[in-house]
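Work through the exercises below with the sequence and the structure at hand. Each task is followed by a solution in steps.

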Amino acid sequence: MDRLVSAEINPKAPVLRPVDAATLIIIDRKSKTPKVLMGKRHAGLKFMPGKFVFPGGRIEAGDRSMTVTGALHPRAEQALMARVTRPSSQRCRALALAAIRETFEETGLMLGTKDYGSPERAPAGTAWTAFQERGVHPDLEELHFIGRAITPPKRVRRFDTRFFAVDRTGIAHEVGGVIGPEAELVELAWVTIDQAKALDLPPITTVILGELEARIAAGFAHRLPVPFFHQQRGRFVRELL
């Protein structure tokens, strides 16, 4: 855990309030050894250049009003509302939708279903209009909430990140041309968890991969406890939600 505290520390940085963010891990479990989708960030980016990451980012306004199908599992919602100020189902929903939208924006993959036709409405001027145009409803029912981590103080950026996971079968549509040499993600790779751990990763991503591996081994059920990583008295601690 100590490496989570020391990573990218800047003693002169102001103490920023963490921003709500969400990440989505797509898992391919068709074979005996599961694989996860990792993306390599552009080397010219100021934040985590060249690192392999899961797609994700902060909540945007449209995430609070996008039409969906299905609902988060009650256990996932319970864990999402734990240890937060002003907990609400709307906030949980927005976090899940942020993970789905960011995944589309960064990879071109749309998570959801085409079984119900086009969503009746989508926030104008957002990536959600692409879901409406292609007849994809984002589906919250298939999402698993598997982890939460708050960036320690004295970092240039701080996030309160919720890690969601979904099976690869949840991909309803793929838009090409999103990944490329000038894009945020220059490469996508389906890799085993062991292969992923050998990549150039942010420290928290390595930790979450270990948690994911243990969760899969335990049956990947919603009822499993959700680890929450945060700093307490100068040390990163692991709490269960």
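**Exercise 1.** Decide whether F164 is buried or exposed in this predicted model, and list its contacts away from the local sequence.

*Solution.* Step 1: the relative accessibility of F164 is 0%, so the residue counts as buried, the cut-off being under 20%. Step 2: F164 belongs to strand β7, which covers residues 159–167. Step 3: set aside the neighbours within four places in sequence; F164 then contacts A22, T23, L24, I25, L72, L80, L95, A96, A99, L143, H144 and F145. Step 4: for a distance check, take F164 and V191, which are 27 residues apart in sequence and 18 Å apart from C-alpha to C-alpha.

**Exercise 2.** Compare the end-to-end reach of helix α3 with the expected value, then do the same for α6.

*Solution.* Step 1: α3 spans residues 89–107, 19 residues in total. Step 2: from first to last C-alpha, α3 reaches 27 Å, close to the 27 Å expected at 1.5 Å a residue. Step 3: α6 has 15 residues and reaches 22 Å, close to an expected 21 Å. Step 4: look at what follows each helix. Just after α3 comes G108, with a positive phi of about 85°; α6 is followed by G219, where phi is also positive, near 110°.

**Exercise 3.** How many residues of α3 are buried, and which residues of α6 are buried?

*Solution.* Step 1: α3 is mostly covered, with 15 of its 19 residues buried. Step 2: in α6 the buried residues are T205, V207, I208, L209, E211, L212, R215 and I216.

**Exercise 4.** Describe the largest pocket and the second largest pocket by volume and lining.

*Solution.* Step 1: the largest pocket has a volume of about 940 Å³. Step 2: its lining is made of 34 residues, with F47, M48, T151, F159 and I204 nearest the centre. Step 3: two or more lining residues come from each of β1 (19–28), β4 (56–58), α3, β6 (144–150), β7 and α6 (203–217). Step 4: by class, this lining holds 19 nonpolar, six polar and nine charged residues. Step 5: the second largest pocket contains about 240 Å³ of space. Its lining consists of R17, P18, D20, R83, V84, T85, R86, R91, R148, I150 and D160. Step 6: that lining divides into three nonpolar, one polar and seven charged residues.

**Exercise 5.** Which residues line the largest cavity, and which element gives the most to its lining?

*Solution.* Step 1: one cavity of 30 Å³ or more is counted. Step 2: the largest cavity has a volume of about 50 Å³. Step 3: the residues lining the largest cavity are R75, A76, A79, H144, F145, R215, A221, H222 and V226. Step 4: α2 (74–80) and β6 each give two or more residues to that lining, and α2 gives the most, with three. Step 5: by class, the cavity lining has five nonpolar, two polar and two charged residues.

**Exercise 6.** Where is the mean pLDDT of an element lowest, and where is it highest?

*Solution.* Step 1: over the protein chain the mean pLDDT is 91, and 93% of residues reach 70 or more. Step 2: helix α1 (residues 2–6) has the lowest mean of the elements, 44, and strand β5 (residues 109–111) the highest, 98. Step 3: residues 1–6 have pLDDT below 50, and in the model this stretch makes 20 contacts beyond near neighbours in sequence. Step 4: where pLDDT is low, predicted coordinates should not be read in detail.

Definitions and conventions. Residues numbered from 1 in each chain as written. Predicted model: local features only at pLDDT ≥ 70, side-chain atom pairs only at ≥ 80, totals over all residues. Heavy atoms only, no water. Helix = DSSP H or I, 4+ residues; strand = E, 2+ residues; numbered from the N terminus. Buried < 20%, exposed > 50% of the residue type's maximum accessible area, 1.4 Å probe, protein only. Contact = heavy atoms within 4.5 Å. Expected span 1.5 Å × (residues − 1). 1 Å grid on protein atoms, 1.4 Å probe; cavity = no way out; pocket = protein on both sides within 12 Å on 5 of 7 lines; lining within 4 Å. Points joined across faces, edges and corners; volume = space filled by probe spheres on them. Nonpolar A, V, L, I, M, F, W, Y, C, P; charged D, E, K, R; others polar. pLDDT = per-residue confidence, 0-100.
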